[in-house]
Each structure stands twice: as C-alpha cells, then as structure tokens.
Amino acid sequence: MDLRFGDSKPTDEERAAVDALLGPPESSWEGADRSDADLRWARGGREARDRRDQLLPALHALNDRVGWISEGALDYVCRRLTVPPAEAYGVATFYAMFSVRPRPATVLHVCTDLACTAAGSGELCAAVEARLGPESGVKVERSPCLGLCERAPATLTIRAGHPARPALEDEAVQAEGGSGGAAPGDGNGKGRRGRKALHATAVCAPATPDRAVTAATAPESAPTEPAPEAAVPQSGDPTLTLLSRIGTVDPTSLDDYRAHGGYTALRRAFALGPAAVIREVTDAGLVGRGGAAFPTGRKWQATAAQPDHPHYLVCNADESEPGTFKDRVLMEGDPYALVEAMTIAAYATGAHRGHLYLRGEYPRALARLTHAIEQARTRGLLGDDVLGQGYAFDIEIRRGAGAYICGEETALFNSIEGHRGEPRSKPPFPVEKGLFGKPTVENNVETLVNVLPILTMGAEAYAAIGTPTSTGPKLFCVSGTVARPGVYELPFGATLGELLTLAGVRDNLRAVLLGGAAGGFVRPDELDIPLTFEGTREAGTTLGSGVVMAFDDTVPLPRLLLRIAEFFRDESCGQCVPCRVGTVRQEEALHRIADRTGAAAADDIALLREVGRAMRDASICGLGQTAWNAVESAIDRLGAYE
C-alpha cells in the first residue's frame, strides 16, 4: 500500500517553484486544470517517469523557495514526475538539508564536527541559540562538517525565498567580493521583485556569536567571505602544480584562465586521440585521490571499452569527509580547470554528458562553476562542437543536500537518478552499469584536475614527481591546532612532520588524525610517516583523501571519539544491518566509557572491537567498513581509555 497525502494541496508559491523547473503542467494528470481530453486518456506517464532524475532538483526548488517541503508540495512533485508518494517521501527525508515539517525560512547551520568542535563550536552554538529564540524567525541546526575546516568554527545561513537573480548575476556579485549573500536591492533584503525573503546564503567562518547572528538575521550585511587563496598558505609559490592558478588567475575570467595555460591540455587531448589520452594517464600512474586510490587509467579504459552506450562521466564533488576542503578550494579558485578536465575525461571515455555532483553546502563553488560552465558553453568549449573538433559534450550540475553517504559512487548515482542515496551491491561495477544503468566513469575533483599537468608536461615528467608507486603531487587539508591551516600541495613522499612544519604545528601535540573520520590517529612520535599510499599502509594507518587534523592536549580525546561515532550513526543510510546497528552500538559504548578508564571500561572496549570487526567485514560500503577505524586507532595507538 502506498503513502497518501489526502487532501493536501500545494500553495501557489510551491507550484510556481516546481513549474519554474519542470515547466507548466500539460494535463490535469500533472496538476493542470481538467479538460475534456484528460477524461479520455492519461498523457505523459512514460515521459514523466523518464524524468525521475528531476526529483532531487524539484525538492531543492521547493526548499529554496519556501524553506521546507509540505505534503501538498510533495504530492504535486509526485504528480508531475509520476513518482509514488512513498518513494518521494523517502527521498525527501533522506537528506539533512531538507525538512518535511514546517520551519522558518531562515536556517542557520552551525558546524559541530571535528575541527569546529576543537575550535569551540559547542560554545558558539549555545550562544547563538540563546540569542536567536523562536521569535527571531531563525532555526539553528547543528550540522556535520561544512567543509570550512581551515576557518573553524563555521556557520552557513540559508534563507528561502523567491530567486533574486540569474546565476550569472550571482557570480558577478561574487566577483565583486560578495559572500553569496542576499540580492542587491534597497538595503533591507528586498531584491528586484520587491520581496522581503529572497533565496540567499551567507558563509561565516571563523564565526563568533555576533557574526553568526548577523549572518542569520541580515545575510546582506554578513562579513565578506575571504578569497579562495586565503585557504592556500603556499599561494604564489612557483613550484605549485595543482594550485598554481589560485590567487594568480581571476576565477571568473575565461580569458585570464586561457592566458595562464588554460585549454592547452584539451587541445593536446584532441591531437592525441582518446586511446592515447588514456595511455598517458595510465603511464603517469595517476590513482584516485578520493581515498580508494584505484588506477584512473584502468577505470577510464574499462569504461571506454564497453559496447553499451551512452557512456556517462560523473565528477564527485560531494567531499563530505570531516576535515576535507581541497575540492572546494579548487572549485572556488580555479573552476575552469575542472570544466576542462571533465571535458578531457569525457572525450577519452566516449561520454557526451557529464554530471557534476556538488555538495549542497558549497554556495560559492556553485556560483563559480555555474558561471564557468555557462561561459565555456558560450565560447564553444562545451556544447555540440567543442573547439571545432566535432565532439559534443556538456555538463550539468546536480546539488547534493547533505548526505555523507552520497560520496560513495553508487549512492551518488542513485541520488542523481532520484532515488534514496543508498549504495548498490557490486558487481556490476560502474564501468559496466553505473548512472542510468550505463557505463560510467566517476572521479573526484582532485583526480580530474591532475589530468591537466599529465597532458601538458607529459606522463614521464609527471610520474617523476613523488615516488615510483605514488606519483604526482597531492593536496592535503591541514586543520586543527596549527598556525597556518589550509590546503597544501606536496609531492608524494614528503613526511607528515614536513607537512606539519609548513603548517606550523603548535606545542603539546597530542595526536594527528589522518584521513578524516574514516581514517586513523597517529602519535606525535610517528611524524616520520611518509605521505604515500604505501607508506601510511605500512604504518598501519591510511592516507584517505588527504585529511591531516592536528590536536593538542587541550582537546578532550574521548569527546572527539564520541563525535566521530555520532557522525557515523547519523550518516549511516541504514540499508545494511552491520552498519545500521553497529554504528548505534559503537556510540552507546563510547557514551558509557566516556568518563571511565582501566578495568571499568574493559568490557565495553571488548564489545567495541567485536562490533567494529562485524562492521568492517559485513557492511555493504565503505562507511560501515571504516566507521571503527578512528576509534580503534585511538584505543590502540593513543591509549585513549587507559
């Protein structure tokens, strides 16, 4: 039996939000006024079902316009797309940024994850909640990582309302130094349409109670967000490869990008041909930078060889690992590089359509990439005839809505297709049956951007960087108790100590977390670990996506472990029993032993080990398989409960 919404009807504002995305309904079956033709046959069923992938954008349209998703609005979306209400409800309730219960139009997300917790986000949240009562019209929500770890603690304000202006005008405001706040208007939050509540975002980091409250109550007066190069302490260093343009090139200017070597790599790709491009990537030894370290050339070759068509390219820009923000900096500071790299990857693998799945918490990256894609399309660098080579390729941005699990590739595919973002069982693998059941190549932002220097300098020169088995440069996200947090670029093989010296590690170092919440802790006397995939593996830890979080002895380790357990319990999709139950049992045990040590905690530590092994061995995806890693390393390497 399916879910029914009874007599709930959408408001005019809700209908307008959905119709702006999907177009006006064509028949009463989709919500239009009834006509005689509608009484004789149902129209558009198959066509509507083929648009199931518009479910997530439709939910975003409602959330952006109204601030929450009512039963009537959800029922209207279901009629427009011929989606069963129960399935649509399951999707709407899957994502943290959506709400199916009434809430104020303004939501203030306060990050309470690892870096922000260490920087005092708990006190910040309490102070903000005390000042913003129910009468303020602002809902305060404790949020997982916002990807602003170098400026912890951080907040993100989202205010629903009628869209104020096109994306290109948003970008123009960004380029003039705005923070993605409210639309230009009369200074009172009124935009060109004269509405008080315009869809707006305001990032505040580092946040204080005063700054956070100002951003929530008057986003147009929010402090200006720093330029992307502020997150790159090495900015201006001529030896940089991946970060060389950040702080040097205007991220909104296609001409400036091309003047600094932009689209040289794509021209060489067209000169080489698809097979030769894949050979270059393979010979360079490039492996995935998202944590799995799978050989990129092998993935591309496997996708290109599939006889089934069409092929798809997916860029995974949903970096949600606590402590990770390198992809955000690349997208904000060098967006055309990602557009060019996606075009090369698609050309090599025979794809003509690319999907860029972007974190919902990255408003400036969304504006920058929207502008870059539109400019590339206007200038013939995307579209039916890229660079006059007879090759067609275009990119569509899909916004996530706050789900860590959607960083897993098959969960990401489900999310794009309009289903709950739950991982799929493998095989079949994405190179055989991925997005929409077709061969798909999926890479994250850093992996794709590495393709540009491979083609410009050549595979041999690229492979000479780093070590024989971990080639090329690597980006590291350094945060926590260091003097200069930010994104650092180093060749593979540099040691953890060398990286922390660059970042200015402080006295009384207690522990370093490598790989984020899914990674592991190392001791202060282990800083000679080489930062390579094989080096960290031999040291009994993981490099992951490049997270390096330093904690001094002022940070309570048990509270940090409990926050990691809470994170995995919240983010588990619940599909498989080992993860769904195991993450809850892990959190419960850590609550019990938070204030106990020695023999009193021995039984619960033994239980933690048993639960951790079960999750690692039996969970469907990497979330459950790695949920025990950090806790295990803290117990075994740091003696957290001794």
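This tour visits three salt bridges and one salt-bridge network in a predicted model. The structure as a whole holds 44 salt bridges, and the stops below include a few of them.

Begin by selecting Arg142 and Glu129, whose side chains meet in a salt bridge with an N to O distance of 3.3 Å. Because Arg142 belongs to strand 2 (residues 138-143) and Glu129 to helix 7 (residues 121-131), the pair ties together parts that are 13 residues apart in sequence. With the surface displayed, Arg142 is partly exposed at a relative accessible area of 49%, and Glu129 also counts as partly exposed, at 34% relative accessibility.

Next, select Glu332 and Arg364, where the side chains form a salt bridge of 3.1 Å, N to O. Glu332 lies in helix 14 (residues 326-333) and Arg364 in helix 16 (residues 363-378), so this pair links parts that are 32 residues apart in sequence. Glu332 counts as buried, at 2% relative accessibility, and Arg364 is likewise buried, at 5%, each value falling under the 20% cut-off for that class.

Then move to Arg424 and Glu417, which form a salt bridge whose closest N and O atoms are 2.9 Å apart. Here the partners fall into two classes, since Arg424 has a relative accessible area of 22% and is partly exposed, whereas Glu417, at 13%, counts as buried, the boundary lying at 20%.

Finally, select Glu150, Arg151, Glu225, Arg328, Glu332 and Arg364 together, as salt bridges that share partners join these residues into one network. Glu332 and Arg364, the pair from the second stop, are among its members.

Definitions and conventions: Residues numbered from 1 in each chain as written. Predicted model: local features only at pLDDT ≥ 70, side-chain atom pairs only at ≥ 80, totals over all residues. Heavy atoms only, no water. Salt bridge = Lys/Arg side-chain N within 4 Å of Asp/Glu carboxyl O. Helix = DSSP H or I, 4+ residues; strand = E, 2+ residues; numbered from the N terminus. Buried < 20%, exposed > 50% of the residue type's maximum accessible area, 1.4 Å probe, protein only.
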